[in-house]
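Got your viewer open? Let's take a walk through this one, stop by stop.

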Amino acid sequence: MDVIAACGMEAVALAANSSIKLMEEQARQFRPAIAALADEKAAADLRVRLADTNVRVLSGLEGVLEAATLSSADTAIAALVGMAGLRPTLASIREGKRVCLANKETLVCAGPLVLEEAKDYGAKLYPVDSEHSAIFQCLEANRDRGEVKRLILTCSGGPFYGRKREELRGMTRENALQHPNWSMGAKITVDSATLMNKGLEVMEAMHLYGMPAEKISVVIHRESIIHSLVEYCDNAIIAQLGAPDMRLPIQYALTYPKRIPGPATPLDLWNCGPLTFGTPDVEAFPCLALALEAAKTGGTAGAILNGANEAAVGLFLEGEIGFLDIPAKVEKALASVPAVQNPTMQDILDADRAAREAAV
Ligand code: MG
């Protein structure tokens, strides 16, 4: 919303799950035609709060879908968390909108189907995830995708960087929710702590840029200054740098192919200190290895991995299971639910459900 305000864009529809106060604030500031809350009770409350405005308050999945497909919008920012983002994102795609994608689970679960629909409906997808925006920018200088040797995703290492497996056993929800560089929602912050987030991002990159998992590498970069890199066949590496500030990738997805002045924090190279690089510890953080394995398997393996992870992270946030139970549950689901190749949407939904059941 900072970017939209600073760049003189207009928000015609806002959607969220249940954040009543923030939605009321933003609806008053931006005066959209529609404000949708998926949670019915929260929407009823919001309707009362916004009674003095002409903002139309909608509720439930239908409300979110109406916001996602509003004909007066040329662009949709898909920033829902988890597999729940799939239907609204597809709805925007089917309207042929420019879709700025912050919901990585959509591509992890249904990458080929989503991309096919985008092609069929003439919708353009632009990455919002900082790593994918960086790769998008690093690829721009290049004419021929065949010249790309590999994509290199940077990874902050998360709040538990440097700890060994045994030290992770007792980690709690509170420990996991302390991210060193980025302020994000609970689910993605836990994913950062397990490194599952990086695994999901490898799959997201695989689909977005049509690269096999073997040509995508992960490098630990604690400072989150380099947001990702592309290595070319002549061994040149192009990197994108910036202060850790999501407003930049969000803005670039909105203004591409143009660059305009915006609210993102400038990077002070002279005072940002040394940049460091290292190898991820997949023994302490097996979620990354599991995701790379699922990426290589393909088909519904992404949906199985993601479904089990969403269920396990939910249990962890409720204090029901320990930190190391998250990878254990994902591994169990991948071993017990068979992966289907070239899946239909029904296969993907079935895989998601079976994985969630296997993870409890
Ligand atoms: Mg990211």
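Before you click on anything: a residue counts as buried here if its relative accessible area is under 20%, as exposed if that value is over 50%, and as partly exposed in between. Keep in mind, too, that this is a predicted model.

**Stop 1: alanine 243.** Select alanine 243, in the loop that runs between strand 10 (237-241) and helix 12. Buried or exposed? Its relative accessible area is 14%, so alanine 243 is buried. Show what surrounds it: leaving aside neighbours within four places in sequence, alanine 243 is in contact with His227, Thr265, Pro266 and Leu267. For a sense of distance, draw a line from the C-alpha of alanine 243 to that of glycine 210; the two are 33 residues apart along the chain and separated by 28 Å.

**Stop 2: the magnesium ion.** Now centre on the metal. Which protein donors does the magnesium ion have? They are Asp129 (OD), Glu131 (OE) and Glu201 (OE), lying 2.1 Å from the ion. Along the sequence, the donor residues follow the spacing D-x1-E-x69-E. Aspartate 129 and glutamate 131 are both buried.

**Stop 3: lysine 198.** From Glu201, hop over to lysine 198 in helix 11 (residues 196-209). The side chains of lysine 198 and glutamate 201 make a polar contact at 2.7 Å, so you're still looking at a partner of a metal donor. The lysine 198 side chain also reaches the backbone oxygen of threonine 154, at 2.9 Å. With a relative accessibility of 5%, lysine 198 counts as buried. Not counting residues up to four places away in sequence, lysine 198 touches Glu131, another of the magnesium donors, along with Leu153, Thr154, Cys155, Val218 and Leu288.

**Stop 4: leucine 115.** Next, pick leucine 115 in helix 6 (residues 104-121). Leucine 115 has a relative accessible area of 28%, so it is partly exposed. Setting aside residues up to four places away in sequence, leucine 115 touches Leu107, Leu125 and His207. Try a C-alpha distance to leucine 208 as well: the pair sit 93 residues apart along the chain, yet 8.2 Å separates them.

**Stop 5: a surface patch.** Finish on the outside. Select Leu241, Leu269, Trp270, Leu275 and Phe277, which form a nonpolar patch on the surface with about 560 Å² of accessible area together. Zoom in on phenylalanine 277, in the loop between helix 12 (247-255) and helix 13 (286-297). Its relative accessible area is 48%, so phenylalanine 277 is partly exposed.

Conventions:
Residues are numbered from 1 along each chain as its sequence is written. This is a predicted model: local features need pLDDT of at least 70, side-chain atom pairs count only at pLDDT 80 or more; totals for chains, interfaces and linings use all residues. Side-chain values use heavy atoms; hydrogens and water are left out. Donors are N, O and S atoms within 2.8 Å of the metal (3.2 Å for Na, K and Ca); water is not among the atoms, so sites may look incomplete. Buried means under 20% relative accessible area, exposed over 50%, partly exposed in between (1.4 Å probe, protein chains only). Helices (H or I, at least four residues) and strands (E, at least two) are DSSP runs, numbered from the N terminus. Contact means heavy atoms within 4.5 Å. Patches are made of residues with over 30% relative accessible area and no salt bridge: like charges are joined within 9 Å, nonpolar side chains (Val, Leu, Ile, Met, Phe, Trp, Tyr) within 5 Å. Accessible areas come from the Shrake-Rupley method with a 1.4 Å probe; for residues, only the protein chains shown count as cover. A salt bridge is a side-chain nitrogen of Lys or Arg within 4 Å of a carboxyl oxygen of Asp or Glu. A polar contact is a pair of N or O atoms within 3.5 Å; within protein, one must be able to donate a hydrogen and the other to accept it, and residues adjacent in sequence count only if both atoms are side-chain atoms.
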